[in-house]
Amino acid sequence: MKQDKIRNFCIIAHIDHGKSTLADRILEYTGTLTAREMTSKQILDQMDLEKERGITIKLTAVRMNYTAPDGETYLLNLIDTPGHVDFSYEVSRSLAACEGALLVVDATQGIEAQTLANVYLALEHNLEIIPVINKIDLPSADPEGVKKEIEEVIGLDCSEAIMASAKEGTGIPEVLEAVIHRIPCPKGNPDGPLKALIFDSNFDAYRGALSYIRVVDGRVAKGDTIQMMSTGRKFEVIETGVFVPSPKIVDSLEAGMVGYLAASIKNVKDTRVGDTITDGLNPATQPLPGYRHATPMVFCGLYPVETNDYEKLRDALEKLQLNDASLLYEPETSVALGFGFRCGFLGLLHMDIVQERLEREYDLSLIVTAPSVIYKVIQTNGEALMVDNPVKLPPVQKIETILEPYVSASIMVPSDFVGAVMELCRDKRGTFITMEYMTATRVHLHYELPLAEIIYDFFDELKSRTKGYASLDYEIKDYRASDLVKLDILINGEIVDALSIIVHTEKAQVRGRKLVVRLRSLIPRQMFEVPIQAAIGSKIIARESVKAFRKNVIDKCYGGDISRKRKLLEKQKEGKKRMKQVGSVEIPQEAFMAVLSLDEE
Amino acid sequence: MKERAMGVYVHIPFCTTRCNYCDFYSNANVGAPQQGQYITSLLHEWECYSACGVRHDWNIETLYIGGGTPTVLVDQHLERLLEGLMERLKPRNLQEFTVEANPGTLTEEKLKILRDHGCDRLSLGVQSFDPFYLRWLGRSHDVRAVYESWEMARRLGWENLSLDLMYGLQDQTLDHWRQTLDQAIALEPEHLSLYQLNLEPGTPLAEQAARGEVHTVDEETARQQYLLARERLLAAGYVHYEISNFAKPGRESRHNTLYWKNKEYAGMGAGASGYINHVRYTNHKDLLLYTRMIKRNLVPRAFEETIDREMQKKEMLFLGLRMTEGVHQRDYRECFGRTLEEDFGAVIQKHVATGMMEMDAKSLRLTLEGLLQSNEILVDFF
């Protein structure tokens, strides 16, 4: 198939504006899937987890053959994208494989946060954007109003916007015509040395790591020797294929095409997303331009409940990372919990999903701990110490100053929400730098904030206070001195290091009090009283206590009671499995999470 | 073939009224005809056993008729029940035959019937000597009935009497409980069972408690009451032989000991449970269903579970540790060919270290504090 008959496009939209339904309709209309084959409501969502939450996590590429009214046959590659804000990185990768995008906007909702965010991303990638006003069948639809909004806010010409109802099938032929005539065809060099962009990967038990690629120049086929341009490593291609939407083997992938290749790649790290694949024997000189790496917004510690499961956790993280390049992790230790990992996520939802996948797909019981940053401690003898774990802080007398990392944060927000955002930043010990009006309604705020204040829920707070409209970008700037102290939590007189945190002096008392109260309600009663204390150094600043059992007995156990009472004990035992023995106290997972809730009521 | 010793439990699910705290399966105000029907079915149940391999030549050493209130049975049906049981069970070496009784349902005639058919032990549901609490608990008798029944039983020759008491009642002070204990001791029972009032879901008291109309004592008071009872009874010459049970030396409940020593017993009647050939079972509670299945010569089991070896070990422990003498090393070894140390060493060590358990060459036992914390400790053995 010549490049001029190929179109690579994706669908971008806010959650629930109908992009998956639209994708389904396009699949049906092009005959890629018959109505009978559409067994699940939204065929491109692959995993159970996705089905449960009604969101797309993993993107999928689908090839369709379309015979246009003009009689010509075109090859269309549709790449589906996640709608949730945490996964803007995934959207960015799919955009890199396309020349155009269908911008789907709900006719009853208009432009929403994700719409804006993704349009800007698409514009950055120089994609041709085709506005599609969806759900025009609904009574409250206001297509003209939405068109006007798009033109004003984004500056995108909507005179040829397509009116559609994915649910009813209206506008589908027009959408496809627009794809054919308005989205440019790929313009790579079919005869040049191979250059293919890896935009995703998947691990297959039999074929090894599959690289999802967009071939820009040249071609790749079975038997070819390929080379990863970032590592220089070479592999032999054993299979090339496309998704229709299930995998189908093809002889080769030419310039302009989207598909996958398998090359007996055993190690995940050898098929790096963003990397360029070239010909092993006749390599290209320059790789394709890279694109924005995802910046983790949320960090936490992940520990296995059973210390023996460490290897299992490590392997699971490795496998997950293969399908989710935005997941970062590195080893970490805790005196109380043993060996674990410090992990970085795109957001709270991302963290939730990873945790659930680890527990469900890899059968792991996990403890999630408070996040931390790396502090720089200047000791009294002048020596600087990098401390990544509050436990490693030297004793108070030896500390001259503690410095913490600061970030330079760029926040884009509609002018209506400027006040809310400024309040949030002030709350997080931020320093206002500048404010600019990008348009009459869009403001760019520049703040400097301690990294520690934004690593857990700042992003989510930002989104919730701005109805999702704000976007955040940050980079680490420098280390600054702060009035910081180490807050320890003692359970039954022993410091539980996994609960220690470094806080700003102003917040220590309140934080300490909240923590001990919360922990008291989470730690189950034991056979002895359990004092829970918050301390700074040797000074106890808050105290609660879990009362001991005074009489905890099964009074009656006769013939008819035995089965039942035994089952009760078995159930209690199950409950204990989710607890971690810390010293002589059994602590449930939730207790560790308690440290993470910052300003709860 | 070595004959197997076992016990038999018979359930009579009838009562005059329902007590406010009881979640037992029972039916109130059952008339004589229905009682008669039930007895017929129950006796026939023994025939149904042959269908599932329970041998009729087993050596039945203990017999226990419980309920409900077995003594609400009218004399005629009570007699038929006892005769029928003896015919079928053919106990050659019956060591203990207990019948649960309620003060107020006992008449001389009834007691004579029981005695004449070999019943040598009565367990009386007294609960309290305070009329206020008797009413509060919804008991169908008064204090006088207690004394009358007791006197009658002694007069007619019973030398093995047990009574039940409840503590932890609303606003019950330690003094009040002490008085109750003294009154009980004055009757010189051979055996006592003491239970803390527990609000079982679905009972009238539990519902009242949910509405805030009623409350029980706090845990600290319950503990004090437990310890007080132990102190008084020990001083009066009783042996504290199980978490909730006290007896004069040699007068422990042999039947109940079968449960705690994990021995075999058959359960007859609606809702009764048994443990035979390592299978635990429970009969249907519903009278109609029970009767129907018996009519079809089917063993009326609602529930069955096979206890595998590993679970047998755990059961031996969770049941055996209820007795203050604990689990004997020799018994465990004979049963499983392994030692307690081998199978539960780590758990035992943990609890010995905190003073909750003791172990020596003879047995593994809970200490007094261990008994009070037993629920938490026993979990670890699973």
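Reader: Why are H2(B) and H3(B) called roughly parallel to each other?

Author: Helix H2 (residues 75-89) and helix H3 (residues 108-116), both of chain B, pack at an angle of about 5 degrees, with axes 10 Å apart. The label covers angles under 35 degrees (over 145 is roughly antiparallel, 65 to 115 roughly perpendicular, the rest oblique), so H2(B) and H3(B) are roughly parallel. Such angles run from 0 to 180 degrees between N-to-C directions, with axes fitted to C-alpha atoms, for helices over the stretch in contact. The helices themselves are DSSP runs of H or I with at least four residues, while strands are E runs of at least two, and both are numbered from the N terminus.

A quick word on the model: it is predicted, so local features need pLDDT of at least 70 and side-chain atom pairs count only at pLDDT 80 or more, while totals for chains, interfaces and linings use all residues. Residues are numbered from 1 along each chain as its sequence is written, and chains are lettered from A and ligands numbered from 1 in the order in which they are written.

Reader: Which residues in H2(B) and H3(B) meet?

Author: Asp75(B), Leu78(B), Glu79(B) and Leu82(B) of H2(B) meet Glu109(B), Lys110(B) and Ile113(B) of H3(B). Contact here is a matter of C-beta atoms, placed from the backbone, lying within 7 Å. By class, this contact holds three nonpolar, no polar and four charged residues. Nonpolar stands for Ala, Val, Leu, Ile, Met, Phe, Trp, Tyr, Cys and Pro, charged for Asp, Glu, Lys and Arg, and polar for the others, including Gly.

Reader: What makes H1(B) and H10(B) oblique to each other?

Author: The axes of helix H1 (residues 32-49) and helix H10 (residues 287-295) of chain B cross at roughly 45 degrees and come within 9 Å. That angle fits none of the named ranges, and H1(B) and H10(B) are therefore oblique. The crossing is left-handed, meaning that the near helix is turned anticlockwise from the far one by less than a right angle (clockwise would be right-handed). Among the residues that meet are Tyr38(B) and His44(B) in H1(B), and Tyr290(B) and Ile294(B) in H10(B). Five nonpolar, four polar and one charged residues make up this contact.

Reader: Why does Thr16(B) count as partly exposed?

Author: Buried takes 20 or more other C-beta atoms within 10 Å of a residue's own, exposed takes 12 or fewer, and partly exposed is in between. Thr16(B) has 16 C-beta neighbours inside 10 Å, so it is partly exposed. Thr16(B) sits in the loop between strand S2 (14-15) and strand S3 (27-28) of chain B. One of its contacts is Thr69(B), which is 53 residues away in sequence and 7.8 Å away in space, C-alpha to C-alpha.

Reader: Which residues touch the most other members of the largest nonpolar core?

Author: Those are Val8(B), Val10(B) and Leu165(B), in a core of 92 residues. Strand S7 (residues 161-167) of chain B gives the largest share, five residues. To belong, a residue must be a buried Ala, Val, Leu, Ile, Met, Phe, Trp, Tyr or Cys, joined through C-beta atoms within 7 Å. Beyond four places in sequence, Val10(B) is in contact with Leu42(B), Ile65(B), Leu85(B), Met268(B) and Gly269(B).

Reader: How many residues of chain A are in contact with chain B?

Author: 21 residues of chain A are in contact with 33 residues of chain B. On the chain A side, eight are nonpolar, five polar and eight charged.

Conventions. Contact = placed C-beta atoms within 7 Å.
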